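Got a few minutes for a new structure? Take a look at the model below, and then we'll walk through it together.

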Amino acid sequence: MAVRAWTAIGVWAAAWVCAARADVWTDPKPVHALRGAGDVLVAATSGGVVLWDLSGTRAHNVTTMQGLSSHVVHDVALSVHADRVCAATDNGFARGWFHDTWVAVDARNDEQGRAWFACATAPSGAFLAGGDRGALRAWRGSRVDSLRVPTRTGRVVGLDVAPAYFDAATPGVRRATRVTSSRGFPVGLVVATDNDGVWFLRDA
């Protein structure tokens, strides 16, 4: 099994504001994330997952009645090719589609399962989720793999996959604890934590 290493990097971001006009497409709810691909748009809200088929402007709301593990959804990831949406919720990590019965991992019937705060798609087709203290899940088919960023307190608030070009000599990059179990997790996985920086999974 290949040995991988986590690396912390510094990140700078720029933002700008422009005037815009918008229409409300559904009953207002607090929205935590929004993703789109092709003709599909999906929102993570405090009232479940809302999906739109933009080819016909058809909206569909997914709640616990359809098997979503919690009404509180923090993030969503979308794979149009696989006709799947994954949702990081207050009670597990769930996946489904417009009229599917949704399924979840790390969820409990009393809605007191593990909370997940970020999700993304991997090039392999797996869905990735991040939670408290650097916890990660990779979910492909029926297989679920686990990995942890070597942080004691950082909650995962963002995930992405980027080219794996950082090495130990790169300025601003520090070498971290090696991880020996990385099945299902791609080299180049970038993990943002709320109080412990940004981490990059690379070959050791």
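Here is a short tour, from the overall make-up down to single residues.

**Before we start.** This is a predicted model, so bear in mind that local features need a pLDDT of at least 70 and side-chain atom pairs count only at pLDDT 80 or more, while totals for chains, interfaces and linings use all residues. Residues are numbered from 1 along each chain as its sequence is written, and side-chain values use heavy atoms, with hydrogens and water left out.

**The big picture.** What is the protein built from, helices or strands? There are 17 strands and zero helices. Both kinds of element are DSSP runs, numbered from the N terminus: helices are H or I with at least four residues, and strands are E with at least two. Of the 204 residues, 45% count as buried. Buried here means under 20% relative accessible area, exposed means over 50%, and partly exposed is in between, using a 1.4 Å probe and protein chains only. Contacts are heavy atoms within 4.5 Å. Among contacts with a separation of 6 or more, 54% are between residues 24 or more positions apart.

For one example of residues far apart in sequence, go to Arg-4, which lies in strand S1 (residues 4-9). Arg-4 and Leu-201 are 197 residues apart in sequence, yet 6.8 Å apart in space, C-alpha to C-alpha. Arg-4 is also buried, because its relative accessible area is 15%.

**A sheet from S2 to S5.** Strands count as paired if DSSP finds at least two bridges between them. One open sheet has four strands in the order S2-S3-S4-S5, with antiparallel pairing. Its edges are strand S2 (31-37) and S5; each has a single partner strand, so one side of each is left without a neighbour in the sheet. Neighbouring strands in this sheet are turned by 15 degrees against each other on average, direction ignored. Those angles come from axes, which are lines fitted to C-alpha atoms (for helices over the stretch in contact), and run from 0 to 180 degrees between N-to-C directions. Five bridges join strand S4 (residues 48-53) to S5, and Trp-52 stands opposite Ala-59 in S5.

**The loop to the next sheet.** Thr-63 sits in the loop between strand S5 (58-62) and S6. Is Thr-63 buried or exposed? Thr-63 counts as buried, because its relative accessibility is 13%. Leaving aside neighbours within four places in sequence, Thr-63 is in contact with Gly-47, Leu-68 and His-71.

**A sheet from S6 to S9.** Another open sheet has four strands, in the order S6-S7-S8-S9, and the pairing is antiparallel. Strand S6 (73-79) and strand S9 (103-105) stand at the edges with a single partner strand each, so each has one side without a neighbour in the sheet. Here the average turn between neighbouring strands is 20 degrees, direction ignored. S6 is joined to strand S7 (residues 84-89) by six bridges, and Val-76 stands opposite Ala-87 in S7.

**Cysteines and rings.** How many disulfides does the structure hold? Zero, where a disulfide would be a pair of cysteine sulfur atoms within 2.5 Å. The sulfur of Cys-86 has its closest cysteine sulfur in Cys-119, but at 6.4 Å that is too far for a bond.

On to the aromatic residues. Rings of Phe, Tyr and Trp (its six-membered ring) pair if their centres lie within 6.5 Å; planes under 30 degrees apart count as stacked, over 60 as edge-to-face and the rest as tilted. This rule gives two aromatic pairs. In the case of Trp-97 and Phe-98, the ring centres are 5.2 Å apart and the planes are at 85 degrees, so the pair is edge-to-face. Elsewhere, Arg-155 lies over the face of Phe-117, at 4.3 Å from the ring centre. The rule there is that NZ of Lys or CZ of Arg is within 6 Å of the ring centre and within 35 degrees of the ring normal.

Here is how buried these cysteines and paired aromatics are:

| Residue | Relative accessible area | Class |
|---|---|---|
| Cys-86 | 0% | buried |
| Cys-119 | 3% | buried |
| Trp-97 | 14% | buried |
| Phe-98 | 6% | buried |

**Two loop residues with positive phi.** Glu-111 is not a glycine, although its phi is positive at about 60 degrees. Glu-111 is found in the loop between S9 and strand S10 (116-121) and is partly exposed, at 38% relative accessibility. Arg-133 also has a positive phi, near 50 degrees. Its loop runs between strand S11 (127-131) and strand S12 (135-140), and Arg-133 is exposed because its relative accessible area is 53%.
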